[in-house]
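Trainee: I've got a model open and would like to go through it with you. Can you take my questions one at a time?

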Amino acid sequence: MASRADNIASTLNLANFSKATELKSRIWFTVGALVVFRFMSFVPLPGVNPMILAELYKRTQGGVLDIFNAFSGGSLQRMSLIALGVMPYITASIVVQLASSLHPALAALKKEGESGRKKLNQYTRYGAVFLTAIQGYFLAVGLEAFSASSGLQAVVDPGYIFRVGAVISLIGGTMFLLWLGEQITSRGIGNGTSLIIMAGIVAQMPTFFGNLFEQGRTGATSPLLIAGIVLLLVAVVIGICFFERASRRLLIQYPKRVTQRGMMAADRSHLPLKLNTAGVIPPIFASSLLLLPLTITQFAGRSVSPDSTMGQFIVVLNQYLGHGKPVYMVLYAAGILFFSFFYTAIVFNPEETADNLKRNGGFIPGIRPGKNTEKYLDYVLTRITVLGAAYITVVCVVPEAIMAETGMGSLFFGGTSLLIVVNVTVDTITQIQSHLLAHQYGDLIKKAKLKGRMR
């Protein structure tokens, strides 16, 4: 028999949405913040000629720059104030989370609750500023060197003044995006940082499909191959929706309690363990770690002589770690597998869950409370994480490998982008449904109070 919550959830519709004024204001705020993000992606760095820069990008498109450009919503292509996007912050968060698992002082901060989380978040911001400064400097130096070697002067006045201005502008742009993401999280709907990344990817979708069908029109790509790619993308989306909703439900039983009628009744509930507990974090972390050195070497390498030892090292590194190369695919898959287990261990703590169950008198049938419950939860979570990590790896690596084999790697819109878009969309819709459900519960409480007063 369905519960009242299930009955209310089944009646969620657009009519109920029109009555939820707070939810509508949150959605409009989120949309407005994403519009501001898109406007920012068209504001160029000071001292850069956008027209010549567009011609330079056409000559260098493909490879790792297209991945970075897809995640930033085309900001790198236009060399805007937010060209680096939120990737430095994500890389810094990886370092801080790894350090908090290894360093005793940071681990103690992590256990302090809200105050410790704020301190770790502050350290992450400092790291993001540091990484943005490093990447911004090499970005400016590489842009000057490439402009000089190609004969197209994209930088109006090269020199240290331009480099300092570019670094300061990029730091300001990245920090503004972080602030905007926090505002979306607190005053809007969904996770702000994830929505910003998703908005950048979605903004590139028209360009991807336009280039795809343009190649079919000119005869560069066969219509059969285009149909196969479209079907592959549809199949990947369906697979992501299926696996993201999959979970292992563990039965939790509580001691029998005396009801109002004097009968003994045992409470039962379920502990859901998602197949993909880590969400979109593993591919984002893995790609950001690969993008950090590749971005630096790809831009800094243009100012280094190819005959020198450093120049030869940079050439070999870009050759083997280029997008679609076997070494890149192997490292990317290994990074996804590692961060799937690592982030799952951060999100779900079997010891803490077992202690909470024991404190509330709950237990898993057939498993003794305490240490045995902790071992059982860790055993089940490890098994489903293996399946979840394999699913994420296949979704992210296989489509990109197929595009690289067919020579369509420059039309970057692979499994990683689809995973982020679908996952963030599902999470946002779930939050909207939660707000609608809470709104309907509020209406029921108000009606119950009115009926009580009328009696």
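Trainee: Which residues of α7 are buried?
Mentor: This is a predicted model, in which local features need pLDDT of at least 70, side-chain atom pairs count only at pLDDT 80 or more, and totals for chains, interfaces and linings use all residues. Residues are numbered from 1 along each chain as its sequence is written, and side-chain values use heavy atoms, with hydrogens and water left out. Buried means under 20% relative accessible area, with exposed over 50% and partly exposed in between (1.4 Å probe, protein chains only). By that cut-off, the buried residues of α7 are Met87, Pro88, Tyr89, Ile90, Thr91, Ala92, Ser93, Ile94, Val96 and Ser100.

Trainee: How far does helix α7 reach from its first C-alpha to its last?
Mentor: Helices here are DSSP runs (H or I, at least four residues), and strands are runs of E, at least two, all numbered from the N terminus. The expected span of a helix is 1.5 Å times one less than its number of residues. Helix α7 covers residues 87-102, 16 residues, with 22 Å expected, and its reach is close to that, at 23 Å.

Trainee: What distance separates the end C-alpha atoms of helix α15?
Mentor: Helix α15 runs over residues 326-347, and its 22 residues should span 32 Å at 1.5 Å a residue. Its buried residues include Tyr328, Phe339 and Thr344. The distance between the end C-alpha atoms agrees with the expected span, at 31 Å.

Trainee: How do the residues of the contact of α3 with α10 divide?
Mentor: Helix α3 (residues 21-40) and helix α10 (residues 160-187) pack at about 170° with axes 9 Å apart; axes are lines fitted to C-alpha atoms, for helices over the stretch in contact, and angles run from 0 to 180 degrees between N-to-C directions. That makes α3 roughly antiparallel to α10, a label for angles over 145, while under 35 is roughly parallel, 65 to 115 roughly perpendicular and the rest oblique. Contact means heavy atoms within 4.5 Å, and among the residues making it are Phe29 and Phe37 of α3 and Leu177 and Ile184 of α10. Counting Ala, Val, Leu, Ile, Met, Phe, Trp, Tyr, Cys and Pro as nonpolar, Asp, Glu, Lys and Arg as charged and the others, Gly among them, as polar, the split is 10 nonpolar, three polar and two charged.

Trainee: Which residues of α17 make the contact with α12?
Mentor: Helix α12 (residues 223-244) and helix α17 (residues 371-405) have axes 11 Å apart and an angle of about 175°, so they are roughly antiparallel to each other. Their contact residues comprise 10 nonpolar, one polar and one charged. From α17 come Tyr391, Val395, Pro399, Ile402 and Met403.

Trainee: Is arginine 163 buried or exposed?
Mentor: Arginine 163 sits in helix α10. Leaving aside neighbours within four places in sequence, arginine 163 is in contact with Tyr137, Ala140, Val141 and Glu144. Since its relative accessibility is 16%, arginine 163 counts as buried.

Trainee: What separates the C-alpha atoms of threonine 428 and asparagine 191?
Mentor: Threonine 428 lies in helix α18 (residues 415-454) and, at 14% relative accessibility, counts as buried. The two residues are 237 residues apart along the chain, yet their C-alpha atoms are separated by 7.9 Å.

Trainee: Where is confidence lowest in the protein?
Mentor: pLDDT is the predictor's confidence in each residue, from 0 to 100, and the protein's mean is 77. Where it is low, the predicted coordinates should not be read in detail. The highest mean is 90, in α10, and the lowest is 44, in helix α1 (residues 4-10).
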